[in-house]
Amino acid sequence: MNQVASPNNDLRQITTAGSWVAVDWGTSSLRAWLIDENGVTQNSAKSTQGAGTLQPSEFEGVLLDLIGDWLHSNAKPTQVFICGMAGSRQGWVEAEYVPVPTKLTELHQHLVSPKTGNARILPFIVPGLCQQSEQQPDVMRGEETLLLGILDELSDKSGVFCLPGTHSKWVEMEEGTVARTSTFLSGELFALIAKQSILRHSLDTEAELDKDVFLVTLDQLKNQEATLLGNLFGLRAGQLLNDTSPQAGASKLSALVIGTELLDMLAKCGDNPPKQVHLVGGSKLAQNYALALQHLGITPILHDADKAALKGLSAVRQGALNDNS
């Protein structure tokens, strides 16, 4: 494990004094928010320098470049709470996975603090979660903090959650405890097909979704009249022989990928499919998932990912403050 906690970054130094910074550090992007002592967001910033592009020695410099103007020069260091891939094995410093089942409100008990060369920041990284299973091993980083961020919106702290993205995450939560998780490589597969396969010549992934094509394809999957692998090359052949538009091709590919994921999840539920699914995301992708869920008779409940990340990091910090009081 690459976990190092320096003496000056002791968890007991997490106090209410002054402002602090929340950071969601993904594989391909970085988001930060400056929060004042009253919990009000004073500033925000984004960067394309995701964790996937950095060496461990580069994280501190990238963070300082992004938030340096927010920091005090002659005061106590600013606390920075970070979720996501900065805590991966290839990240800034490894924050070991916490096995499920685990209560989200206990994430703060596993914070890891990297050594810093600049005295103006005091960073703490939130751990990810892992599912230690022979049949279905799984891991996640960042999503656990988003789920913590929407807990107070749930009356019984339970339900089925989907976090669409490069690696789409599904979580079953019971009274605030993450019980089971599943990951689908849906987003990455879509990108590989759309950008690197022969099908790239037949797809316009920047075009608006053709909802009619999307829903017809979803019905074909549901009725076992189509499959992901069996219908992929038809996207190319359809353009060559039937003059199918690149917009329609991309919409059909989206339905094949998303529909396969959703129907797989529903098959695992057997005779007890969820009546509703919580979708955490703010992109067009989340809207496509919502459209597909509605068509399958399941009510989607949308939650904004940025707001969830910020609230989740605030909850982690508050948990640590409560432990230190």
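Reader: In this predicted model, across which strands does helix H9 lie, and at what angle does H9 run to S1?
Author: The model is a predicted one. In it, helix H9 covers residues 305-324. This helix lies across S1, S2, S3 and S4, and its angle to S1 is about 125°.

Reader: What is the order of the strands in the open sheet of five strands?
Author: The pairing in this open sheet is mixed. Its edge strands are S3 (41-47) and S7 (121-125), each of which pairs on one side only. Neighbouring strands of the sheet are turned against each other by 20° on average, direction ignored. The order of the five strands is S3-S2-S1-S4-S7.

Reader: Which strands does helix H1 touch where it packs on the sheet, and what angle does its direction make with that of S1?
Author: Helix H1 spans residues 59-67 and packs on the sheet. The strands it touches are S1 (20-25), S2 (30-35), S3, S4 and S7, and its direction makes an angle with that of S1 of about 120°.

Reader: Which residues of H1 are buried?
Author: Seven of the nine residues of H1 are buried, so the helix is largely enclosed by the rest of the structure. The cover over these buried residues includes S1, S2, S3, S4 and S7. The buried residues are Phe59, Glu60, Val62, Leu63, Leu64, Leu66 and Ile67.

Reader: Why is S2 largely enclosed by the rest of the structure, and which of its residues point each way?
Author: S2 is largely enclosed because six of its six residues are buried. In a regular strand, side chains alternate between the two faces of the sheet. In S2, one way is taken by Leu30, Ala32 and Leu34, and the other way by Arg31, Trp33 and Ile35.

Reader: How many residues lie in the hairpin that joins S1 to S2, and which residue is the bridge partner of Val21?
Author: S1 and S2 pair in the antiparallel sense, with six bridges. The hairpin that joins S1 to S2 does so through four residues. In S2, the bridge partner of Val21 is Leu34.

Reader: Which residue takes a positive phi in the hairpin of S2 and S3?
Author: The pairing of S2 with S3 is antiparallel and runs over six bridges. Within that pairing, Trp33 stands opposite Ser44 in S3. The hairpin has five residues between the strands, and the one with a positive phi, near 85°, is Gly39.

Reader: Do S4 and S7 run parallel or antiparallel, and which residue in S7 stands opposite Phe81?
Author: Strand S4 covers residues 78-84, is joined to S7 by five bridges, and runs parallel to S7. Opposite Phe81, in S7, stands Phe124.

Reader: What is the order of the strands in the open sheet of six strands?
Author: This sheet, too, has mixed pairing. S6 (102-103) and S14 (299-303) are its edge strands, each pairing on one side only. The order is S6-S12-S11-S10-S13-S14.

Reader: Which residue in S13 is the bridge partner of Phe161?
Author: S10 and S13 run parallel and are joined by two bridges. The bridge partner of Phe161 in S13 is His278.

Reader: At what angle does H7 run to S12?
Author: H7 lies across S10, S11 and S12. Its angle to S12 is about 140°.

Reader: Is Thr177 buried or exposed?
Author: Thr177 is found in strand S12. Leaving aside residues up to four places away in sequence, it touches Pro101, Thr102, Lys103 and Glu172. A residue counts as buried when its relative accessible area is under 20%. The relative accessible area of Thr177 is 18%, so Thr177 is buried.

Reader: Which residues lie nearest the centre of the second largest pocket, and what is its volume?
Author: The pocket is lined by 24 residues, and nearest its centre lie Gly159, Val160, Glu172, Met173 and Pro274. S10 (159-163), S11 (168-174), S12 (177-184), H7 (246-269) and S13 (276-280) each supply at least two residues of the lining. By class, the lining has six nonpolar, 11 polar and seven charged residues. The volume of the pocket is about 380 Å³.

Reader: Is Ser155 buried or exposed, and how far apart in space are Ser155 and Asp210?
Author: Ser155 is found in the loop between helix H2 (143-149) and S10. With 79% relative accessibility, Ser155 counts as exposed. Ser155 and Asp210 are 55 residues apart in sequence, and their C-alpha to C-alpha distance in space is 36 Å.

How values were computed: Residues numbered from 1 in each chain as written. Predicted model: local features only at pLDDT ≥ 70, side-chain atom pairs only at ≥ 80, totals over all residues. Heavy atoms only, no water. 1 Å grid on protein atoms, 1.4 Å probe; cavity = no way out; pocket = protein on both sides within 12 Å on 5 of 7 lines; lining within 4 Å. Points joined across faces, edges and corners; volume = space filled by probe spheres on them. Nonpolar A, V, L, I, M, F, W, Y, C, P; charged D, E, K, R; others polar. Pairing = 2+ DSSP bridges. Axes fitted to C-alpha atoms, helices over the stretch in contact; angles between N-to-C directions. Contact = heavy atoms within 4.5 Å. Buried < 20%, exposed > 50% of the residue type's maximum accessible area, 1.4 Å probe, protein only.
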